[in-house]
Every structure is written in structure tokens, then in C-alpha cells.
Amino acid sequence: MAAKVRIKDQWKEQRLFEQRSVIGAGIIAALSVLLLARLVTLQVVRHDYYTDLSQGNRVRIEPLPAPRGLILDRNGTVVAENRPAYQLELVREEVPDLGDTLRRLAAINLIPADDLDDARKLVLSHRSFDSVPVRLRLDDEEIATFAVHRFEFPGVDIRTRLARSYPYGALAVHALGYVGAISEQDLGHIDRAAYSGTTLIGKLGVEAAYEKDLHGQNGSREILVNAQGRSVQRQGAFVPNLRTVTPVAGDDLLLAMDLDVQKVAEEALGERRGAVVAIDPGNGDVLALASRPGFDPNTFGRGITRVEYKALLDDIDRPLFDRALRGTYPSGSTIKPAIALAGLVYDVVAPTDHRFCAGVYRLPGSSRMFREGRSGRHGSVGLVDAIARSCDVYFYDLANRLGVDRISAFLGLFGFGGITGIDIGGEKPGLLPSREWKRKAFSRPQDQVWFPGETVNFGIGQGYFLVTPLQLAHYTSMLANHGTSFKPRVVSGVRDPVNGTIRRFTPERGASITATPEQWQIVMAGMEGAMRGRGTAAATAGRNMTYDIAGKTGTAQVFSVGQNEKYNEKMVPERLRDHSWFIAFAPAEAPRIAVAVLVENGGFGSTGAAPIARKVMDAWLLKGGGA
Amino acid sequence: MTFGSIDSSYTRRTLTRSARALASLKVDGPLLVGLGLIAIFGLIVLYSASGRDIATVLKSATRLGIGAVVMLLLARVKPGFLRRAAPVIYMLGILLLVVVDVVGYIGKGAQRWLDLGLFRFQPSEIMKLAVPMMCAWYLHERPLPPSPGNLLVAAAIVFVPAALTVAQPDLGTGMLIAIAGVLVMLLAGLQSRVILVLAGITALGAWFGWSFLHDYQQKRVLTFLDPQSDPLGAGYHIIQSQIAIGSGGVFGKGWMNGSQGQLEFLPERSTDFIFAVIGEEVGLVGLVLLVLLYLFVVGRAIYLAMQTQETFARLLAGSLAMTFFVYVFINAGMVSGLLPVVGVPLPLVSYGGTSMVTLLAGFGILMSLYSHRKLIRS
């Protein structure tokens with residue numbers, strides 16, 4: 001009985017099983033179709049979409065920085081170039097702990113401990129996958145040090161990059177400028193994309209003013225990366241065409257500057273603080289633009305440390321300060337040719353007018369005495385002699401007769417009180433005083449009045465009147481040109497680095513002034529007279545001339561410690577000495593160079609500044625410069 | 001007489017001889033060929049997916065070899081022995097699972113292995129076979145379709161080891177264990193109304209069980225529903241594997257040329273996500289070929305199951321055949337974005353684990369059940 005039931009069950013169970021198996025097979029078939037449909041959707045219908053995504057996954061665009069343009073002097077000598085340098089770079093996203101990594105790098109002396117915060121900020125200011133240089137220009141020993149510790153620093157590596165190099169170091173540093181790390185301030189006015197892959201930007205001088213020409217156009221390269229973002233080198237079918245956009249190198253700059261003249265100027269200044277500006281009056285070419293003391297721009301490209309920078313900032317001689325463009329000083333007697341010309345143009349004085357110089361001048365109706373600055377008394381002097389021998393008494397009187405309004409207006413025509421329009425930035429306008437200026441500049445009503453005594457001082461370039469060495473050089477070139485001028489230019493052209501095509505800039509006209517040839521002749525005679533006979537510079541700059549020079553000395557009284565200098569008791573005596581000026585152009589009949597020299601606290605113009613000017617002119621003229 | 005006829009008779013003789021050899025080994029020829037093709041396909045893909053690491057391929061081949069030996073041995077074991085052994089293996093498995101859970105609890109972390117010194121042993125793997133065996137053993141003596149009381153006992157047989165495995169925590173394997181057992185019950189002729197009720201209970205259980213899932217398990221389900229919600233975190237796997245498959249297109253990027261896999265965008269490319277590597281490098285053509293091979297194996301296995309005569313053999317063989325498909329579908333489904341990410345390897349292709357050996361052991365049992373059948377003439 002039981003066996004019978006069991007057998008019946010067997011058949012029923014088998015049929016049931018077969019039925020279920022068929023249902024199961026059906027479900028399997030249905031699920032297989034579903035899977036197939038899914039695969040077709042992914043691989044056929046949405047294939048293009050996923051191809052794009054996978055392309056985006058594996059390709060990253062890496063910027064290729066354009067080589068920065070070279071800077072060459074007028075003779076073709078390279079003064080700023082790019083050299084391969086080893087630098088330590090860090091990729092934030094590959095570094096486990098940024099702070100700790102930087103600290104450990106500092107511990108093995110690869111980055112200065114004082115700069116940890118700056119390095120950290122620098123890294124954080126870049127995208128997480130950017131390779132950021134935390135230390136530039138490693139020397140061989142430092143490279144070896146890192147090689148030993150390399151395994152401790154994932155995400156940090158040594159890379160070769162082109163670094164800016166200035167083969168002549170501090171020479172002409174204020175004119176050339178330098179490249180330094182892009183600051184937060186810089187980021188505000190540059191196109192970040194154009195500077196990806198670059199960490200440096202031109203600062204000051206030519207490097208800053210011609211940044212656009214020098215920078216060039218960055219290229220880019222598509223690189224194959226893995227999921228960690230590391231670049232991988234794998235040939236084959238992964239990426240058949242990785243695009244590369246070749247960078248366009250920046251233009252080379254051709255300076256108007258003559259390195260020989262510049263060298264002479266800086267060597268002549270030596271350890272003294274001062275400035276030399278030499279201009280070709282024929283086109284505004286700046287032949288030399290020196291400010292001493294200087295500093296080595298290479299330290300900035302290398303990555304200046306906080307300590308080094310602080311030392312530069314705190315130096316009492318202020319090496320970072322560009323005296324040529326930004327230093328403002330009383331002009332002293334160098335302004336006398338312009339005052340004389342004003343007297344002639346306004347017909348206040350006749351060439352033949354003589355005055356008797358007894359060494360002291362008294363304003364009519366006043367007891368205040370204005371003394372001859374230098375050598376007692378000149379006796380009876382005419383206008384030419386007054387310039388040549390720098391007779392203060394003569395110019396006290398002349399200034400008084402001209403009056404402040406006419407002096408101020410006439411000096412304005414020479415460009416004083418404004419910028420010369422030189423092609424590099426940072427120049428200061430100096431100060432051209434006038435009645436109106438005084439009204440605005442002072443708060444107390446009794447100070448707002450222009451006193452006649454101030455006009456008298458103005459006549460010999462003392463008082464409120466302040467000029468920069470550049471302004472004086474520009475003014476000298478106008479005197480040399482008999483009234484016309486060109487805007488001073490440090491760069492005279494650009495050169496295409498690829499095909500060598502040179503594009504010269506046309507000189508731009510600057511300020512001008514009108515006077516008759518006879519009037520000019522008198523001023524010229526005065527300035528030439530200064531160089532010979534009883535002239536103020538006859539014994540110094542005028543000795544053994546092989547060409548005619550027209551010059552003028554100047555001695556600027558130091559009224560107070562200038563330019564926000566820190567008061568330093570020990571230095572006071574030296575630093576209260578007069579500033580020494582000299583302006584000159586030569587050859588007098590057909591000028592090819594106009595120079596202004598300033599030596600801070602250098603004493604008399606004839607002894608401090610004039611010999612320097614002579615050396616500069618010799619350097620240019622004796623080799624036939626500008627001929 | 002032509003060369004052709006000589007040739008064909010030679011071929012026939014050779015085939016007959018090998019068929020006899022296989023029969024004496026109790027091995028099913030077509031199934032063996034199908035499994036072999038999948039294994040070879042898998043090794044070729046693994047070479048590329050492992051980044052041309054021949055050591056990985058050799059290790060995997062060794063495991064396949066061990067699995068094959070286990071399969072051949074099991075094929076020779078008589079089904080009666082397997083049936084009698086089922087409860088013993090099952091109880092032993094439960095014991096080991098409890099030990100692993102306790103050790104894991106003490107060690108405060110996921111614990112799936114027992115370290116036996118020589119090798120690490122994963123008791124949940126045994127359960128993949130022991131649960132359907134036990135289930136089939138329990139049901140084969142009872143009238144089918146099973147009564148509600150029997151059903152309850154069978155459900156308990158399935159539930160206990162599945163729950164212990166999920167607690168390890170290993171959601172994927174726990175699920176697979178449960179599926180293998182449930183399939184036995186379904187094949188035994190579960191009434192459709194009971195199926196509906198069970199489906200309802202499962203849904204309810206899922207809703208209730210949600211709170212018992214670990215954070216990362218919940219996250220997996222959530223990201224399955226919306227992978228873009230966390231593209232760099234939990235959704236990363238799904239997004240990258242779909243990019244890999246989709247960018248492969250119809251013919252693929254070429255063997256060893258899949259950028260997603262080779263550049264390591266695709267995580268776990270040689271293990272759970274190897275299906276995506278195939279899709280990327282060999283394209284739709286490769287995937288369809290592989291799926292067809294799997295379907296051939298599943299189909300042959302179901303056919304074999306239907307040929308057996310005993311209830312125990314039928315239920316166990318049927319369950320093993322369909323479980324194999326479930327493995328394939330869950331892995332392919334999760335990699336292609338049809339299912340949430342659960343750690344289920346692609347059978348015979350994914351690198352690693354004891355699962356390869358277990359799978360082949362299952363096929364060994366299947367072959368034994370088929371080849372030891374009594375040939376009854378009607």
C-alpha cells in the first residue's frame with residue numbers, strides 16, 4: 001500500500017520537477033534577455049557617451065609653459081636668460097599630510113623653516129593635482145640629500161625647469177627688474193589660465209613692463225593618467241592621438257641700454273648711494289639707468305627666503321629702492337640753465353646784463369640774507385658766466401624778477417612735476433611747487449601763502465622743488481636738443497625668437513619748449529663754460545676733454561632725512577651731507593649723450609658727481625656710440 | 001574508399017573512446033567542455049585584468065586545477081553516500097559558522113575565515129553546497145509538494161546558516177546560500193500561493209531587516225538606486241564599471257588595451273568587476289560569447305538534473321544548476337548596473353577565493369548525481 005503511494009508520488013514529483021525546471025529555464029531566458037538588453041544599451045546605444053567619459057578619465061591637460069623671452073642689450077649681450085634648474089615640486093593630492101611633509105622637508109634643510117607657512121599657502125593656492133615648486137634652484141648637494149630621502153616623500157619630486165637667470169647679477173637690476181613668485185596681488189590682474197604651469201612673473205623694471213611680450217603663450221599637452229592622477233607612459237592603443245599645443249616663446253627684448261656704459265656708470269658710483277641716467281637725446285634711448293646699491297635678482301628667481309628679503313628691506317642703504325626713477329631730491333643748481341632760459345624767454349634779463357655778486361643777496365625791503373652757496377663772491381657776472389660759475393646771487397635776483405608763477409610754468413614745460421613717460425613703471429613725478437600747490441599742500445592758513453623768499457630759493461633749485469635723476473636726464477636731453485625731446489625708453493625693439501625678425505619701436509616725442517636759437521646759444525655757452533676756465537666742473541669732469549661737453553653742477557642741501565628712511569643716530573652726520581648732482585651732454589655741438597648723475601650725500605656736484613658723468617660719456621663717445 | 005571515410009571513422013572511434021573514458025570517470029563531457037572553455041576564457045581575461053601578472057594567472061589556474069580534481073573525485077562518489085552525508089556536513093558547517101562568528105565578534109571586525117595554518121578556510125563556502133544538500137535530503141523522503149509543516153522546517157534549514165553568514169557580515173554569500181536552499185524548495189513543487197506569501201514575507205523582512213544592515217551595506221543599496229549621488233565614494237564602482245562596459249562598444253578596445261581597467265579607474269578589476277574588463281576590452285561580442293557559454297553550462301546542467309530519477313538527486317542537481325545562473329546574473333547585473341553592488345564574483349572567471357573550488361565541487365556532485373543513475377527501461 002505504502003509502496004504503491006510512493007511510486008505514484010515519484011511520477012507526480014518528477015512531472016512537478018520537470019514543470020518547475022521549465023519555468024526556471026524560462027525565467028533564466030528572460031533574465032538573460034534583460035541582461036543582454038542592458039549590455040546593448042551600454043555598449044551600443046550609449047557607447048559614445050561612455051567613450052567620452054572614459055576619455056576624460058584618462059586624459060589630463062598639462063600646461064607647457066612658454067620659454068620667457070630673452071633680454072639683450074643694444075650690442076646683443078644677453079642680460080636675462082633661461083637656464084635649466086632643478087627644483088623641488090609637490091603635488092598636494094599625492095601627499096598624505098601636507099604640513100607634516102613640509103616640516104620634514106625643512107628638517108633635512110631643503111626648505112627654510114621660516115618659509116613653511118608661505119610654502120603651505122603657495123601649495124594651497126594651486127589646484128590639488130598641480131605640481132607646485134616649493135623650492136627652486138637646488139644645488140648638487142641638495143639634490144643628493146633629497147635622493148636619499150626620496151622614498152619618505154610620496155608626491156614630492158625633483159624636476160628640471162627653465163629658470164630665469166641674470167648673468168650680470170646686480171648690474172642694472174632696477175632697470176631690468178626680476179622675476180619672482182606670482183603674488184596674490186598679481187593674481188588679481190593676470191589671466192590665470194595663461195599662467196598655469198608658471199609660478200613666476202616679472203616684477204619691476206623691464207621684466208614687469210614688458211611682461212606681455214616676454215611671457216609668450218603657454219602651450220598644453222594631453223597626458224595619459226591613471227586613476228591616481230599620475231602620468232603614465234604607455235604606448236599603444238590606449239590613446240591614439242594625444243594633442244599637444246606647442247607653446248609660443250615670448251619675444252626677445254632689445255634694450256636701448258649699452259651694457260658697457262651701464263657697467264662704467266655702476267662701477268663709477270661704486271659703494272656710494274646714487275643714480276646715473278644716460279639718454280641718447282636723438283631718440284630717447286636710455287643708455288644707462290643705474291641705481292646703487294643694487295641687489296642680485298637671481299635670489300628672487302631662486303626663491304628668496306624670508307630672512308634674505310627682510311635683510312634687503314631693512315638695509316639702511318635701501319638696495320631695493322630705485323633711486324633713478326623714484327628718488328626725489330632738490331635739483332640744486334642743475335636747474336639754473338632752465339631758469340636762465342626762462343629769463344631770456346620772458347625777457348626779464350638781457351644776455352649782456354651784469355650783476356655784481358658780493359656773496360650775499362637781500363630781497364628788496366627785507367632784511368633776510370641769501371648767501372652764496374659756495375665760494376664767496378663772483379664780482380661782476382653776466383648770464384653766461386653766472387651759469388658757468390653757478391652764481392647764486394645772480395639767480396636769486398633773476399628768480400625774484402621772474403616770480404614763482406613764471407618759473408613754475410616754465411619748468412613744467414620741461415616735464416618737471418610730471419612723469420617723463422619712460423617705458424618702465426614706477427617713476428615718481430617729483431614736486432614742482434607753485435602758489436596753487438602750496439595752497440593745497442598745507443593745512444594751516446599761514447603756511448598756504450607763497451613767500452617771496454621761497455621764489456628766491458626756487459631759483460637755485462632749493463626749497464620745495466624735487467626732481468628725480470630720470471627727470472633731470474630727460475631735461476638735459478631737452479637742453480641738448482634745444483627744446484625737443486623723446487620719451488625715454490629702456491627697450492627699443494623686440495625680436496621674434498623663432499625667425500629672428502626684429503621690430504624696432506619708433507621713438508615717441510616727449511615734452512618740448514620753444515626759444516630762439518640765440519637764447520639757446522647763451523645757455524649752451526654757459527654750460528660749456530662750466531667745463532673750462534673758471535667753470536665749476538673745469539677741474540673735474542672738464543679735464544682733458546677730447547670732445548666738447550656742456551654741463552652743470554648741482555649741490556642739493558639735505559633738509560631732512562629723505563624717503564622715509566629710518567632715523568639712525570650714527571649715520572646722521574654723513575647722511576646730512578649735501579647731495580651731489582651733475583648734468584651734462586656731449587659733444588656740445590651735436591649731442592649724442594645726455595647724462596644726469598646723483599650721488600647721495602656726495603658733497604659738491606663738481607667733485608662727487610661730475611667725474612662719474614665724464615666716465616659715462618667717455619664710455620659711450622670714445623667708442624663711437626650714437627655716431 | 002576515400003581518405004575522408006578513413007578519417008571520419010578514425011574520428012568517430014576516437015570520440016567513442018574518449019566518451020567511454022569519461023563515462024568510466026563518471027564525468028559529463030559537454031559540461032566539462034563548457035566549464036573548460038569558460039575557465040580558459042577567464043584566465044586569458046585575468047592576464048589582462050591583473051596588469052599582465054603571470055603569477056596571478058598561475059595562482060588562479062592552480063585553484064581551477066584543485067577545483068577540477070575535487071570535481072572529478074566528487075563525480076565518482078555515489079549519490080547515496082552524498083545523501084547520507086548531507087546532514088553531517090550541514091551540522092558541521094553550522095558549527096564552523098558559529099565559531100567564525102564568535103571569533104569575529106571577539107576580534108571586533110569582519111571575520112569570514114578560519115585560519116587552519118596551511119590555508120584559510122571559509123565555512124560559508126561549504127554552506128553553498130551543504131544547504132541545498134540538506135534541504136534536498138529533508139524533502140526527498142516527504143510527500144511533495146511539501147506540507148506547511150515540512151516547509152517550515154526546510155525554511156529553518158535555509159535560514160539559520162544564511163543568517164549566520166550575513167552576520168559575519170557577508171551579505172552576498174548569505175544571500176547566495178539562501179537562494180540555493182529556496183531553489184530546492186521551489187523545485188520541490190512549492191505551491192504558487194505559498195510562493196506569493198513567502199515573497200510578501202521576504203519583502204516585509206527586507207523592509208524590517210534594513211535597519212539591521214551595516215552602514216556600508218545600506219549605502220550599497222542606496223548608491224545602486226542613485227550612483228551619481230556619491231560619484232567619488234560608494235557610487236564610484238558602479239559609475240566606473242558602466243563607463244568601462246559602455247566605452248568598450250561592440251568590439252571592445254582590444255585585449256589589454258582597456259583604459260578603464262589598465263589605468264586603474266576600475267576598482268577590483270581582477271575580482272568582482274572583471275566582467276567590466278571583458279566588456280571594455282572584448283566588447284559586446286565578448287560578453288555575449290561568455291554569457292552564451294554560461295547558458296550552455298546552465299542548460300546542460302538543468303538537462304542533467306531532469307535526467308536523474310531520485311527526488312534527492314533531482315532537487316539537488318536542479319538547485320545547483322540554477323544557482324550557477326544566479327551567480328552569473330548577480331555579478332553581471334551588479335557590474336552593468338542592473339543590481340546593487342554585492343560582493344559576488346563572476347563564476348570561474350573572477351580571481352580569488354575558495355568559491356572557484358566550491359563551484360566545481362558543485363558540478364562534481366551534479367555529475368555524480370547524473371552519471372550514477374540507474375538506466376531503467378520503460
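**Note on the predicted two-chain model**

1. The buried residues of helix H23 of chain A are Ala610(A), Ile612(A), Ala613(A), Arg614(A), Lys615(A), Val616(A), Met617(A), Ala619(A), Trp620(A) and Leu621(A). With 10 of its 12 residues buried, H23(A) is mostly covered. The helix spans residues 610–621, and the distance from its first C-alpha to its last is 16 Å, close to the 16 Å expected at 1.5 Å a residue. As with everything that follows, this description concerns a predicted model.

2. A second covered element in chain A is strand E10, residues 252–255, which is buried on both faces. Asp252(A) and Leu254(A) lie on one side, Leu253(A) and Leu255(A) on the other, and all four are buried. E10(A) also has two strand partners to report. Strand E2 (residues 71–72) of chain A runs parallel to E10(A) and is joined to it by two bridges; here Ile71(A) stands opposite Leu253(A). Strand E17 (residues 491–495) of chain A runs antiparallel to E10(A), with four bridges between them. In that pairing, Asp252(A) has Arg495(A) as its bridge partner. Asp252(A) is thus both a buried residue of E10(A) and a bridge partner of Arg495(A) in E17(A).

3. Chain A contains an open sheet of three strands, in the order E1-E8-E9, with antiparallel pairing. Its edges are strand E1 (59–64) and strand E9 (244–245), each of which pairs on one side only. Between E1(A) and strand E8 (residues 219–224) of chain A there are six bridges, and the two strands run antiparallel. Within this pairing, Val59(A) is matched with Leu224(A) of E8(A) as its bridge partner.

4. Another open sheet in chain A has five strands, ordered E12-E11-E21-E20-E19, and its pairing is likewise antiparallel. Strand E12 (286–292) and strand E19 (550–556) form the edges, each pairing on one side only. From one strand to the next, the twist averages 5°. Inside the sheet, strand E20 (residues 579–586) and strand E21 (residues 593–599) of chain A run antiparallel and are joined by seven bridges. One of the matched pairs is Ala584(A) with Val595(A), the latter in E21(A).

5. Which helices of chain A pack at roughly 90°? They are helix H14 (residues 336–345) and helix H16 (residues 392–413), whose axes come within 9 Å. The crossing angle therefore makes H14(A) roughly perpendicular to H16(A). On the H14(A) side the contact is made by Lys336(A), Ala338(A), Ile339(A), Ala342(A) and Gly343(A). H16(A) contributes Phe395(A), Leu398(A), Ala399(A), Leu402(A), Arg406(A), Ile407(A), Phe410(A) and Leu411(A). By class, the residues of this contact are 10 nonpolar, one polar and two charged.

6. Chain B has 14 helices and two strands. Of its 378 residues, 49% are buried. Among its contacts between residues at least 6 apart in sequence, 72% join residues at least 24 apart.

7. Within chain B, helix H5 (residues 123–140) packs against helix H6 (residues 148–166) at an angle of about 175°, with the axes 10 Å apart. H5(B) is therefore roughly antiparallel to H6(B). The residues of H5(B) in the contact are Ser124(B), Met127(B), Val131(B), Met134(B), Cys135(B), Tyr138(B) and Leu139(B). Those of H6(B) are Asn150(B), Val153(B), Ala154(B), Ile157(B), Val158(B), Pro161(B) and Thr165(B). This contact comprises 11 nonpolar and three polar residues, with no charged ones.

8. The final point concerns the contact between the chains, to which chain A gives 35 residues and chain B gives 43. On the side of chain A that touches chain B, the elements giving two or more residues are helix H1 (2–45) and helix H2 (47–58). H1(A) supplies the largest share of that side, 20 residues. By class, the side of chain A that touches chain B has 18 nonpolar, 10 polar and seven charged residues.

Note on methods: Residues are numbered from 1 along each chain as its sequence is written. Chains are lettered from A and ligands numbered from 1 in the order in which they are written. This is a predicted model: local features need pLDDT of at least 70, side-chain atom pairs count only at pLDDT 80 or more; totals for chains, interfaces and linings use all residues. Two strands pair if DSSP finds at least two bridges between them. A residue is buried if 20 or more other C-beta atoms lie within 10 Å of its own, exposed if 12 or fewer, and partly exposed in between; C-beta atoms are placed from the backbone. Two residues are in contact if their C-beta atoms, placed from the backbone, lie within 7 Å. Axes are lines fitted to C-alpha atoms, for helices over the stretch in contact, and angles run from 0 to 180 degrees between N-to-C directions. Ala, Val, Leu, Ile, Met, Phe, Trp, Tyr, Cys and Pro count as nonpolar, Asp, Glu, Lys and Arg as charged, and the others, Gly among them, as polar. The expected span of a helix is 1.5 Å times one less than its number of residues. Angles under 35 degrees count as roughly parallel, over 145 as roughly antiparallel, 65 to 115 as roughly perpendicular and the rest as oblique.
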